[in-house]
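Work through the exercises below with the sequence and coordinates at hand, and try each task before reading its solution.

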Amino acid sequence: MTMAATISRKERRAGLRQLKAEKLMGSNPVSIRGTATVRRAVDTLNKHCVDVAPVTDESGRLIGIVSRADLADLFDTLGRLRNRQHDCDTANLTHAGLYSKPGRTCADLMVRQVMSPEVISVRTDASIAKVIEKLVKRRIRRLFVTNQDKVLVGDISIFELLRTLGENVDPIRISRQRP
């Protein structure tokens with residue numbers, strides 16, 4: 001009869017401390033180029049059923065995020081992209097200091113004109129404590145991961161984090177705490 005190998009609480013904690021963002025992240029997150037049109041951004045968000053996507057430059061560096069909230073002013077009450085120039089003038093286009101050219105429609109605006117330049121991210125070598133701190137402090141559900149050159153390499157969702165933590169928790173101790 002062989003006994004199942006058990007891992008002590010001390011060993012589990014040591015293992016958790018060694019976890020880095022690189023081990024928690026999902027690779028190849030859906031991203032949008034800053035030069036893409038708003039129409040393409042909307043199509044990408046809809047196609048992948050996400051509310052937020054990272055925005056990258058030509059070399060893959062993370063430069064911002066675009067969300068459905070950023071795009072909300074560009075839609076009419078029926079959810080269609082506005083097409084008249086004067087409607088676009090009311091949109092918040094000051095994030096990147098860029099303004100639309102006369103004759104262009106809202107759908108022709110570039111993502112970098114409507115994105116939020118503030119991005120919450122960690123590097124691949126960030127500790128699990130740093131990941132948790134950023135998620136909790138900023139009250140977000142998704143964190144982007146970059147390499148040392150600030151190139152987007154992955155993302156960490158709160159659900160992946162919880163799954164990983166769950167795999168490292170002592171199930172016997174948890175079952176004793178249930179009512």
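The exercises that follow concern strand pairing and salt bridges in a predicted model.

**Exercise 1.** Determine which strands of the open sheet in the order β2-β3-β4 are edge strands.

*Solution.* Begin with the order, β2-β3-β4, in which three strands form an open sheet with mixed pairing. Next, look for strands that pair on one side only, which identifies β2 (32–33) and β4 (62–67) as the edges. Finally, examine the pairing of β3 (residues 52–56) with β4, which is antiparallel and runs over five bridges; within this part, Val52 stands opposite Ser67 of β4.

**Exercise 2.** Establish which parts of the chain are tied together by the salt bridge between Arg138 and Glu118.

*Solution.* The contact comes first: the side chains of Arg138 and Glu118 meet with an N to O distance of 2.7 Å, which falls within the 4 Å cut-off for a salt bridge. Then locate the partners: Arg138 lies in helix α7 (residues 128–138) and Glu118 in the loop between α6 (111–114) and β5 (121–123), so the pair ties together parts that are 20 residues apart in sequence.

**Exercise 3.** Decide whether Asp155, which forms a salt bridge with Arg142, is buried or exposed.

*Solution.* The closest N and O atoms of Asp155 and Arg142 are 2.7 Å apart. Asp155 lies in strand β7 (residues 152–157) and Arg142 in strand β6 (residues 142–146), so this salt bridge ties together parts that are 13 residues apart in sequence. Because buried means under 20% relative accessible area, Asp155 at 16% counts as buried, whereas Arg142 at 23% is partly exposed.

Definitions and conventions
Residues are numbered from 1 along each chain as its sequence is written. This is a predicted model: local features need pLDDT of at least 70, side-chain atom pairs count only at pLDDT 80 or more; totals for chains, interfaces and linings use all residues. Side-chain values use heavy atoms; hydrogens and water are left out. Two strands pair if DSSP finds at least two bridges between them. Helices (H or I, at least four residues) and strands (E, at least two) are DSSP runs, numbered from the N terminus. Buried means under 20% relative accessible area, exposed over 50%, partly exposed in between (1.4 Å probe, protein chains only).
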